[in-house]
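The exercises below concern one protein model and the arrangement of its parts. Each task is followed by a solution in steps.

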Amino acid sequence: MVQAFLDRGFNVVPVVPSIADRAVRAVPELPGSRVLITLLDAKNLAVVPDQSERGEARRRGRAARPPRGYRAWRTRLAETERELGIDWPAHAETMSGLRRLDNVQECLVDVLTRGVAGDAIEAGVWRGGTSIFMRAILAAYGDRDRRVWAADSFQGLPKPDPVKYPADARVDYTRFPELSVGLQQVRANFARYGLLDDRVEFLPGWFRDTLASAPIDRLSLIRLDGDLYESTIDALDALYLKLTPGGYCIIDDYGAIDACRRAVDDFRRAHGIEDAMIPVDWTGVYWQRC
Ligand SMILES: C[S@@+](CC[C@H](N)C(=O)[O-])C[C@H]1O[C@@H](n2cnc3c(N)ncnc32)[C@H](O)[C@@H]1O
């Protein structure tokens, strides 16, 4: 079903607010496309035009010869996508986008400047880019003590368990092989920047098995990017009490993924957390633990 759309210059992507005005209801040259799109919607997937040159060409049904101004438009679009982190980039080490990376930098520099004790952790690292950036910031500021913890299955997201976590019933990301990046690849990405050293600690495995027992003393920055309710609540349960007052908790998917938002809201409610939640961009939020 998906191939039929790809062949006609469209992509099938998870439903997130940012694609709302790009999603199409029908592909005229594909008979029955309305029904197929409804079926995909039931799986929380949407059909959007593939904005690459190949996609354009396929939609136009002719060899790619970009119209005037196309390349400049395409470049601007790519810059916007990367700034806001709305795509899954083919090659970049992170899908986070510049605004969310700036937020990581601001939070980490702030805890360094104010001497808020503790390491930094990212739960859900994918190709490692944001964790690499954290390690780079520590190096750039001459920090000699703190570690960066990189927690991931290194084999993609877990299969949703809708019985235990009903909020995850509609978010099955196991169908996207591109979300699975092995530990060796992530280590190689750190090494490529000269940042693979003994101050980077990997926690391979499911969050439910690794985070609570990890030998982490204190944290000054927690960054959660595991998408699911299960992944978010497991990480908050295991890590939040280690967050030093004055440190930061960053949630990548609060705006984009309903399941993640519910986990955060449930956790904050259950623990009486009223620290102001501040938006980073269309999806990321953070708060400072008082
Ligand atoms: C959206 S990607 C993270 C993107 C990354 N932070 C970046 O900067 O590009 C989600 C990652 O979380 C991991 N993940 C999600 N839930 C997990 C869980 N419960 N246990 C272990 N890893 C998990 C996946 O393997 C995947 O690498």
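**Exercise 1.** In which loop is Gln 51 found? Determine also how far Gln 51 lies from Asn 11.

*Solution.* The model is a predicted one.
Step 1. Gln 51 belongs to the loop that runs between β2 (45-49) and α3 (53-60).
Step 2. Around Gln 51 there are 18 other C-beta atoms within 10 Å. A residue counts as buried at 20 or more and as exposed at 12 or fewer, so Gln 51 is partly exposed.
Step 3. Gln 51 and Asn 11 are 40 residues apart in sequence, while their C-alpha atoms are 8.8 Å apart in space.

**Exercise 2.** Is Gly 115 buried or exposed? Locate its loop and its separation from Gly 247.

*Solution.*
Step 1. The loop between α5 and β3 holds Gly 115.
Step 2. Gly 115 has 8 C-beta neighbours inside 10 Å and therefore counts as exposed.
Step 3. From Gly 115 to Gly 247 the C-alpha distance is 9.8 Å, with their positions 132 residues apart in sequence.

**Exercise 3.** Describe how helix α5 packs against α6.

*Solution.*
Step 1. The axes of α5 (residues 98-114) and α6 come within 10 Å and cross at roughly 35 degrees. The crossing is right-handed.
Step 2. On the α5 side, Leu 101, Val 104, Gln 105, Leu 108 and Val 109 take part; they meet Thr 130, Phe 133, Met 134 and Ile 137 of α6.
Step 3. Sorted by class, this contact has 7 nonpolar and 2 polar residues, and no charged ones.

**Exercise 4.** Which residues have the most contacts inside the largest nonpolar core, and which helix gives the most to this core?

*Solution.*
Step 1. The largest nonpolar core has 62 residues, and Ala 150, Ile 222, Leu 239, Ile 250 and Cys 260 have the most contacts inside it.
Step 2. The helix that gives the most to this core is α9 (residues 229-239), with 6 residues.
Step 3. Another core, of 8 residues, lies apart from it; Phe 10, Val 12, Ala 46 and Val 47 are among its members.
Step 4. In soluble globular proteins, nonpolar side chains tend to be buried together.
Step 5. Helix α9 is mostly covered, with 10 of its 11 residues buried. Those buried residues include Glu 230 and Asp 234. They pack against β3 (119-123), α8 (207-210), β6, β7 (243-251) and α10 (258-270).
Step 6. Beyond its neighbours within four places in sequence, Cys 260 is in contact with residues including Tyr 229 and Thr 232, as well as Asp 227.

**Exercise 5.** Which elements give two or more residues to the shell around the ligand?

*Solution.*
Step 1. The ligand is surrounded by 24 residues, of which Thr 94, Gly 124, Trp 126, Gly 226 and Ser 231 are the closest.
Step 2. The elements that contribute two or more residues are α6 (129-140) and α9.
Step 3. The shell comprises 10 nonpolar, 9 polar and 5 charged residues.

**Exercise 6.** Where do Phe 154 and Asp 227 lie? Characterise the backbone and the surroundings of each residue.

*Solution.*
Step 1. Most residues other than glycine have a negative phi.
Step 2. Phe 154, although not a glycine, has a positive phi of about 60 degrees. Its place is the loop between β4 (148-152) and α7 (183-192). With 21 other C-beta atoms within 10 Å, Phe 154 is buried.
Step 3. Asp 227 is not a glycine either, yet its phi is positive, at about 70 degrees. Asp 227 lies in the loop between β6 (219-224) and α9. It counts as buried because it has 21 C-beta neighbours inside 10 Å.

Definitions and conventions. Residues are numbered from 1 along each chain as its sequence is written. This is a predicted model: local features need pLDDT of at least 70, side-chain atom pairs count only at pLDDT 80 or more; totals for chains, interfaces and linings use all residues. A nonpolar core is a set of buried Ala, Val, Leu, Ile, Met, Phe, Trp, Tyr and Cys residues joined through C-beta atoms within 7 Å. Helices (H or I, at least four residues) and strands (E, at least two) are DSSP runs, numbered from the N terminus. Two residues are in contact if their C-beta atoms, placed from the backbone, lie within 7 Å. A residue is near a molecule or strand if its C-beta atom, placed from the backbone, lies within 6 Å of it. Ala, Val, Leu, Ile, Met, Phe, Trp, Tyr, Cys and Pro count as nonpolar, Asp, Glu, Lys and Arg as charged, and the others, Gly among them, as polar. Axes are lines fitted to C-alpha atoms, for helices over the stretch in contact, and angles run from 0 to 180 degrees between N-to-C directions. A crossing is left-handed if the near helix is turned anticlockwise from the far one by less than a right angle, and right-handed if clockwise.
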